Structure formats: C-alpha cells, structure tokens
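Colleague: Please take a close look at one part of this model. I would like the central part of the argument in one connected answer.

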Amino acid sequence: MTLVHIQGLDVGYARHRTISPAVTGLDLTVAQGEVVAIVGESGSGKTTTANALIGLLPANGRITAGSAVVDGVETAGAKERVLRGLRGSVVGLIPQDPMVGLNPTQRVGAQVAEAVRLRGGSHTEALAFLEEAGVPDPEMRARQYPHELSGGLRQRVLIAIALAGKPKLIIADEPTSALDVTVQKRILDHLEGLVRGQGIALLIITHDLAVAADRADRIAVMRDGRKVEEGNPGQILHFPAEPYTRRLVEAATPAIPRPTPASPAVPRSTPASPAGPRAEPLSRFEPASPAVPRLEAEQPAAPSPEPAAHAELGSPAAPLSGPAAPDVPGPATVSRPTSDPAPASPAFPQAKAVPPGSPTPPPDLSSFAGGAATVLPRPPREDVGDPSLNGAAILAYPQGKTETSPTPVLALNEVSKIFPVSDPRRGRRGFNALDKVTFEVPRGRTHALVGESGCGKTTTLRIALGLESATSGSVRLDGHEIAGLSWNRMRPLRRKAQLVHQDPFATLDPKFSVRQSIVEPLVSFRVGDRRSREARARELLDQVALPVSYLDRRPRELSGGQRQRVAIARALALQPDLIMLDEPVSALDVLVQEQILQLLAELQRELGLSYLFVSHDLAVVARISHTVSVMSDGRIVEQGRVADVFTNPSSPRTRELVEAIPGRRANAA
Amino acid sequence: MTRYVLGRVGQAVAVLWAAYTLTFAILYLLPSDPMELQLAAAGVQTDSLTAAQVDAIKQQFGLDQSIWAQYWHHLTGLLQGDFGTSLTQQVPVGDLLAQRIGPTLQLSVSAAVVSLVLGSALAYLATFVSLPWLRTLLSRLPALGASFPQFFVALFLIQFFSFQLGWFPATGTTGFSSLVMPVLTISVLASAVLAQVLIKSFDETLAQPYITTARAKGLSRSAVHLRHAFRNAALPAMTILGVIVGLTVTSSIVTETVFTREGVGKLAQEAVLAQDVPVVLAVVTVAAAMFVLVNLVVDLLYPLLDPRITHVRVSTEGAAL
C-alpha cells in the first residue's frame, strides 16, 4: 500500500520576490514498511523534499505545483492544523545533528514524554520508548539533560521521540553525518531493526550512497532538485545509468578491499611498468600504498562510460569499485605481507602507468562544487629539490627524501597525558587520556590516527602541535624535542607543522578575505614584504586549484570544499614539513571529499609534505594514508601499514571500525 | 558550586570597590575647592575669613589631610556604615539617603517589573504572530521606544494625563497615582531595550534544530513557543537584566527631577549642582551596589535556569579529553 505519493512536486524558496526552485517535478512513492533513500549532494533538494512531507518547510518555502500525499492527506497547500495532524503521529523525524536536536534546558525524559502525551500516553510509556530506542538505564537517563549524554545517546533519544508518536513513516535526515562511524552503524542497525520489525516505513536522506545502499530497498538519486535516477541498490551500484550516479558510486566505493585470493591485477600491471629497474629497489621500501595510486588512477577513469567496467563490480575481487577499479586488486595483493618484493610491487608500476599529463579532471566534475575540482597537474616545483621528480612518480620523492634524512618528521615516544578531573565523590583524580603512545610520521608520507571520538586522537594531535603538554614521554618534531618547551621556545618550531581543521565553516575568520587568511601566517612570522606575500598568496591559491580571483572573496562566498582549500593554502603558507589534518573532510559531501583527498595526495607528491591524518572514517584513511595507528581509550591498539591493518585486523577494535564502513553490506550482497 | 558562589560574590565586592574608588578619584580631582563651595553654600565669603579660621574649618572636615588619608578615612567610614557629612546640609549623608531612598526604590523596582513584563510580552508577541505586517510593526516598536528622550516622554505624559485628562498628579511623592507616570516614563526606554535583545534572541532560538524537533512531534505553535523557545531565548537576555535595573536607577535622576519626586535621583541632581562631594559619592556607591547586587543575583540564578552552566567548569576541563 502506498503511504507517500509524490507527484510532479515543485518546491521553491521565495527570495527577493522571486521564487528560486529547490525541487522540480519530483515523483516518488514510499510503500508501507518500505525503506527508501534519497541520495544527493547538498543543494540537491533532498532535505527540502523531506521537509515538504512533514510540513516543516521554512517560512519562505512554498509548494508551487504538484502534490505530495502522505497517508491519504494532501500536504501541498495544506493548513497548519492539517500538517500538525501528520507530524509525530503519521510522520516522525530524526533530525540531522543529534548534538543540537534536543532542547538543552529540558530533561530528555520530558522531551520524549511530551511526544507521548500528545497521543494521550503516560510517562512510563516514554521510558519504554527510550528503552526501545536502545537507551540503557532509561529511568536514570530520562532525568538527565541533553548535554549530559553522548552524541550516540542523544541520537537514540531522538529516535525515541520519533517512535513515541507511533508514526507510519520515519524520516531520517543525514543520519550518518554527525557521529562516529561505529556509533552510527550500531544506531542505524538498531533503527532499521525497529522499523522493519514494526512495519514502519523509513525515508533516509543522505549524501552517502554507501549508507543508502546498505539499508534501503529503493534509492532515488537527486541532483539540482530533480530525480535523476531511481532503482534498487543493486541496479544503482552496478548499472548506474547517469554519469552523476556513477560518480556517487565511485565516491561510495569502500576503499578497503577484503582479502581475496584472486589477484588479476598482477599480470596486468606488471608489464605496464616502464620503470623496471627502478621499481624493485623502491618497492622494497614502498610496498603498501594502496591509497595514493588509487587516487591517481581514478581521475582519468572517472568519465569513462564503459558498461563493461561495471560488470566487474559484482566480482568479489573488486568490491564496489566501478570504473576506478583497475588498481584496487593491487592493494588486495599487497594485503598479504610477504618478504618477496615482486608481488608487492604493483603499487609502484600502477602509479607509473598513469601518464604524467593524464589526470585531467573530467569536465563536468569542475562544474560541480563551483569549480573546486580543477585539480591540474603542475610541473615540478624548483624548491622541491630533486629534478628527477615528475608528476606521476609519486612514490619516488618520499623515498629519495627518506634516504637523505632518516629522521621522521614527527616521532612520539611513550607519550602519556593525565588530565586532572575533579570528581565530587572521590575528590581529585587523574584521567589517563593517553597511555604510552608511540608512533612516527615518516617524511613525505601520511600517517593516520583512527579511532572513535574520545579515544585520544585529538589530544595526541594537540600534543604534537605543542598546544598541550605531555605528562611524560618525548615528542620530536623534525628531530627537535618539543615536550616541555615554553610557548616562546616552541614558536619558531610552529612553522614546521601546521594544522587543517575539521570544520571548514569555522576555521576561517568570516571578516578576513581569502588573501588575508592565507598571508596571515606570513605576517605573524614576519616573512617577506607586501609584494612577496601577494605573490605567495597567488601561488598558494594556484596550488590548491582555486582561481586567483578568489583572493578578495570572503568565506561566506565559498562552498565548504573551497573553504577547506583555503585552509589548506593557509597551512602551506609557511612551507611546513608536516601538516596535521584533523578530520579534514568529514564535514564535506562525498564528492567534495574525494576532490580534497586528491588535492592532498597531489600536494604531498609535489611538495614532499608529510601528513598526520586524524579521522574516524576508515574509508577516507585508506585512501590517503600509508601507515596507520588505531587508537582506543588512549592506547594504540594496532599499528602498521594501512593495507595490513585494514585487511587483516588483529584487534577487535580495528575489526569493529572496519565493519562499520558503509557500503560493505550492499557490496557483499 | 560553593566555589562558584564565592567567586561571584568576590567579583561583586571588587566591582563595588572599584566603582567607589573611581568616583572618589574623579570627585576629588575636580578643580574646585570643596571648602569654598561649602562656605559659599553657607553664605560666607572665603575672603572674609582669617587663615586660622580657614585652617580650623579644613581640619574640621579633614580637608587638610593628604588625599590618601582622606580616601582611607572615607573608605573605613563607609565600611562602618558612615557616609560622612553633607557639605551643604550639615547632616549625615546616611540620614539623607535613608530619608530619600524609599521613593526611589519604589520607583525603580516598579519600573523594573513593568519593563520586564512589557518587554517580554512585546518580544513574545512580535515573534509569535504570523501576520507579516503585524510582525514587522511589533518588532520595530522597540527601536521607536528606545529613541524617545526620557524628559520628552515625561513632559508628554504630564501634558496629556495630568493637564488634559487629570488622571494623575503631575508632581509629588505620595500615593500610587504619583507613581504611575514616572514608572511609565522609565519603562518605555527600559522595556524597549529588553524587547530588542529578546526579539533577536527569540529569532535565533527559533532557528535552532531542537525547535524543528519539537514541531516534528506535532506540538502546536504556541506550545513550541512557550515551552521550548521562551526559556532558551530568555537565557541570553538575562544578562541584560542588570543593565535594565541600572537603567531604572539612573533614569530616576531625570524622572524625579521632572516629576519633583523627593528621591535619591533628585538628591543626586541637587548634590551634583552644589558639588556636595560626600552626597554624590554616597549616591554613586548605592547605585553601584544595586547594580552589582542585581548582576550577582542574575549570575546565581543562571545555573538554575540553564542546566549546562554548573557544568561549564567541569566540561572545559573535560573538553580536552
């Protein structure tokens, strides 16, 4: 039976007396008990559609044509009273960000009870819903305020509120964007179990095709307010009809291949290696870098519309990899460590196989995200040193550098951090935030720190930046011990390591132009004069592939991806050796994520940068990192090369993180 | 919690001391000679006195001592509840204040309450009504109210309600009817200031995701507005309560002058004109004390209204975890 029937729906926002359309001619149905996902980037109209269904369009939002019938009630042009009748009792909403979705001044129990009472239910029923939503000890939790709960628990409270009205449809708006992957997986599994068990229909709104493919019976892909494609997950993933869907499929590819016995890539890539004599000695040092070459290979492959390539998707050897696949089996081979250099070598010839000039972006990629996608290959920079470098020899540079200076750019040795915590009952005691953390960031490489929030990765980053002091242990930045240095002694070393933040919307001063933001580090370290700074700003903007005309723009005129590029340019200004990336793409849409990761890989290759990459998202980590440390409760539980750690995790924590990567379930099917 | 309260009280005392000291410094750095003023007030020409007489008078009021000694003398006196002696009226300042503070307290407290009610009601309505033109009209009102000078409002009220309608007396300190127009005069400004802040706060709160959550439950607009928006919107506005009360106190100077109410405001105006330093000092100190006290109360009430506040200290420690 059809629960939601949307036909020819047009929704627009009134701005300056004109109506700018957000959704155009949308047709969509949701049957009772069905799980449907709407997938699209921000601005595609997916959230507007959801808001129209629940009658929560912003004040300037209008349904201008078409109809949207929910449970037999027409919502287009409906009065507030009619819409109110739908909310809660017919359509429940799980809002996007659980951190801000609850009233901070009301106990969570009261907030659930409010929804229960609207139907005439009792307070005890509210506790039952909390329990059903997976909140442990609901009686105690109900008396707490939202700020006393973790993000995951808040999400569960919001689910309880949505369930409390006993709706026929639940809309989950971007359920994966705000929380850790492992937490999200548990919560989504739980939610899915609930709705399937109770026959509630679920409409998932997401930018992540992998999330949609894992959970939905049917997927609708939206772009610029129109539905471009619809089908079941198998159709969408394996036979996407639209180029846009194909790009989403590529972005959704889980970067971690499961260990597989078959390895078709070896015979294919070995003859392609033109650098035979050089490849072998290099590969001894550089066996496991699935991520960077992958990015290279993806660019030219992206626009290729070969249906034959998609057939590969179903094969277990190339999980969900699409046209970007040819190199994926490569890492799968490397995944089984071996002392024999030959099977380990495909990573290098793979990279060589891409001609230096070839990674030209597909033309339609640049129109998306406001031209941010123009990742052009650039000639080698003179200051890099090694003249033999070229754009494609991504592995050669770090290798050469490592030979000349064996000191890692950053080395933490047995770093511990104890925070004093005042506990009203037990007095002051120490909280062991970090426990003997030891790792290195090799020069020219990327080391990743992964783990759930609260595992200590941010504290580690702050200690490595000299913003926080370690309780014990040694932190060496470029060979200099920085543990215990005063602010003034630390300051000259700050030039060597720069930070790129998680949130591109908060990292730039809204009052600064792009130029001011980029030259600020130069000004504060008194580098150069006005003219040389201007020249440097232009050069930096070029390096992050933004047009020079952007120098005078303010952050609010830039998209999230463009802001993150400006933040990267700012981090590059002082020519640091090391850039610390704190979840640099987690706030971005998947397609923009891909572009930023490409940019980072390219900058590393050109400038010989080292990255310390902090993330909870293993799919992203696998794309960019060479080595990885998995953290849990302030300890490093597993450490090693990315391919080894992720394909063959030895610690249960790592296994849980790998399991949580979206897209695995659909892929296995 | 105890540490929080003690810290707040300590801050309040420090602010009060700073206000007193600053006022003392300004008044004693004024170019005129307090003794001359005092003698002039008594109708005595300074020239007619001998040097010995001048010295005697100076000694009597402690004016022959160094400024530090005088400051110390006044401060210790104040701590014992002694505000000194009025230079012009030859009576203890404490008595003067005690006599005048009643009407002013009446005026200030009533005005603060009326402003609170008027301002909140206006802000609530301006953000709740759904008719666009009415919404615009109501949200522009505070700007209008804040731009009328108080003496103008006072004179308008006197002209209209006293002289034309004869409802309320134009002057005087006695009875409820004498209070109405001064309270209105002050409330126009104070409620406008409050409403401006509150409307902005309401607009920001209504854009919060938890409001969407509340609406998605199926709550009526009024339930969302009252139960979810109002309390959250009021929190930022609470910080200007101290300013509002301060405003009602300072406004009493103009208002009491126009309406000839025998209160502290009028006392202050007279004392400033006569450069009666101890009186001015006492009035400023009392006004500062009221201001500090209201802010202290607001600070201590805040954690009761915002459950997140008591945890601020713990969570800033914890944020680094």
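Modeller: Here is a close look at strand 3 of chain A and its sheet. This is a predicted model, in which local features need pLDDT of at least 70, side-chain atom pairs count only at pLDDT 80 or more, and totals for chains, interfaces and linings use all residues. Residues are numbered from 1 along each chain as its sequence is written, and chains are lettered from A and ligands numbered from 1 in the order in which they are written.

Strands (E, at least two residues) and helices (H or I, at least four) are DSSP runs, numbered from the N terminus. Strand 3 covers residues 35–39 of chain A, and 5 of its 5 residues are buried, so the rest of the structure largely encloses it. Buried means that 20 or more other C-beta atoms, placed from the backbone, lie within 10 Å of the residue's own. A:Val35, A:Ala37 and A:Val39 point one way, A:Val36 and A:Ile38 the other.

Now the neighbours. Two strands pair if DSSP finds at least two bridges between them. Strand 3 pairs with strand 8 (residues 201–206) in the parallel sense, over 5 bridges. There, A:Ala37 has A:Ile204 as its bridge partner. Strand 3 also pairs with strand 9 (residues 218–223), again parallel, over 4 bridges. A:Val39 stands opposite A:Val221 in strand 9.

The sheet is open, with 6 strands in the order 6-7-8-3-9-10 and mixed pairing. Strand 6 (91–94) and strand 10 (226–231) stand at the edges with a single partner strand each, so one side of each lacks a neighbour in the sheet.

Key. A residue is buried if 20 or more other C-beta atoms lie within 10 Å of its own, exposed if 12 or fewer, and partly exposed in between; C-beta atoms are placed from the backbone.
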